[in-house]
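Morning, everyone. I have one model to go through today, and I will keep it short.

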Amino acid sequence: SRKQLRKAVVVEKKQLPTGLSVDQSYGTLDIKLETYANDKIKLHITSDQPSVLIVANSYSPFWTVEIDGIRTNIFPAYHALWGVRVPAKAKSIVFRYDPLYPH
């Protein structure tokens with residue numbers, strides 16, 4: 001159920017990003033979609049606590065993410081989706097698709 005998904009995320013131990021701890025509790029995000037295109041997704045977010053954002057999009061190393069203009073990592077969540085560690089007080093998340101070949 002949706003409630004259960006908010007309580008847990010499956011991440012391989014070797015994929016667990018620095019600063020993400022299984023012992024820490026995380027907050028929820030209020031999210032507003034600003035842009036959705038084939039190669040760019042922009043979200044406006046609000047959260048007072050560190051959070052983990054899970055995006056139902058296939059994991060690919062060609063997608064990048066910036067939180068408030070600072071590049072960070074997308075990690076595979078549930079083996080195939082995107083996971084992003086979001087610091088407290090973040091305001092903006094921008095995903096960009098930048099493959100090695102022209103698209």
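I will take the sheet and then the salt bridges. Please keep in mind that this is a predicted model.

Start with the sheet. What is the order of the strands in the open sheet? There are five of them, and they run β1-β2-β8-β4-β5, with antiparallel pairing. The edges are β1, residues 30–37, and β5, residues 70–72. Each of these has a single partner strand, so one side of each is left without a neighbour in the sheet. From one strand to the next, the twist averages 25°.

Now the β1 edge. The partner here is β2, residues 40–46, and the two strands run antiparallel, joined by seven bridges. If you want one pair to look at, take D30, whose bridge partner in β2 is T46.

On to the side chains. How many salt bridges does the structure hold? Three. As general background, side chains of opposite charge can pair when their charged atoms come close.

One of them joins E34 and K42, at 3.8 Å from N to O. E34 falls within β1, as that strand covers 30–37, and K42 falls within β2, which covers 40–46. E34 has a relative accessible area of 41%, so this residue is partly exposed. K42 also counts as partly exposed, because its relative accessibility is 28%.

Another salt bridge is between K89 and D48, where the closest N and O atoms are 3.5 Å apart. Where do these two residues lie? K89 is in the loop between β7, residues 81–86, and β8, residues 92–97. D48 is in the loop between β2 and β3, the latter being residues 51–55. The pair therefore ties together parts that are 41 residues apart in sequence. Buried or exposed? K89 counts as exposed at 52% relative accessibility, and D48 counts as exposed at 60%. The cut-off for exposed is over 50%.

That leaves E66 and R96, with their closest N and O atoms 3.7 Å apart in a salt bridge. This pair links distant parts of the chain, 30 residues apart: E66 sits in strand β4, residues 63–67, and R96 in strand β8. In the sheet order, β8 is followed by β4. E66 is partly exposed at 28% relative accessibility, and R96 is partly exposed at 34%.

That is what I had on the sheet and the salt bridges. I will leave the model on the screen.

Definitions and conventions
Residues are numbered from 1 along each chain as its sequence is written. This is a predicted model: local features need pLDDT of at least 70, side-chain atom pairs count only at pLDDT 80 or more; totals for chains, interfaces and linings use all residues. Side-chain values use heavy atoms; hydrogens and water are left out. Two strands pair if DSSP finds at least two bridges between them. Helices (H or I, at least four residues) and strands (E, at least two) are DSSP runs, numbered from the N terminus. Axes are lines fitted to C-alpha atoms, for helices over the stretch in contact, and angles run from 0 to 180 degrees between N-to-C directions. A salt bridge is a side-chain nitrogen of Lys or Arg within 4 Å of a carboxyl oxygen of Asp or Glu. Buried means under 20% relative accessible area, exposed over 50%, partly exposed in between (1.4 Å probe, protein chains only).
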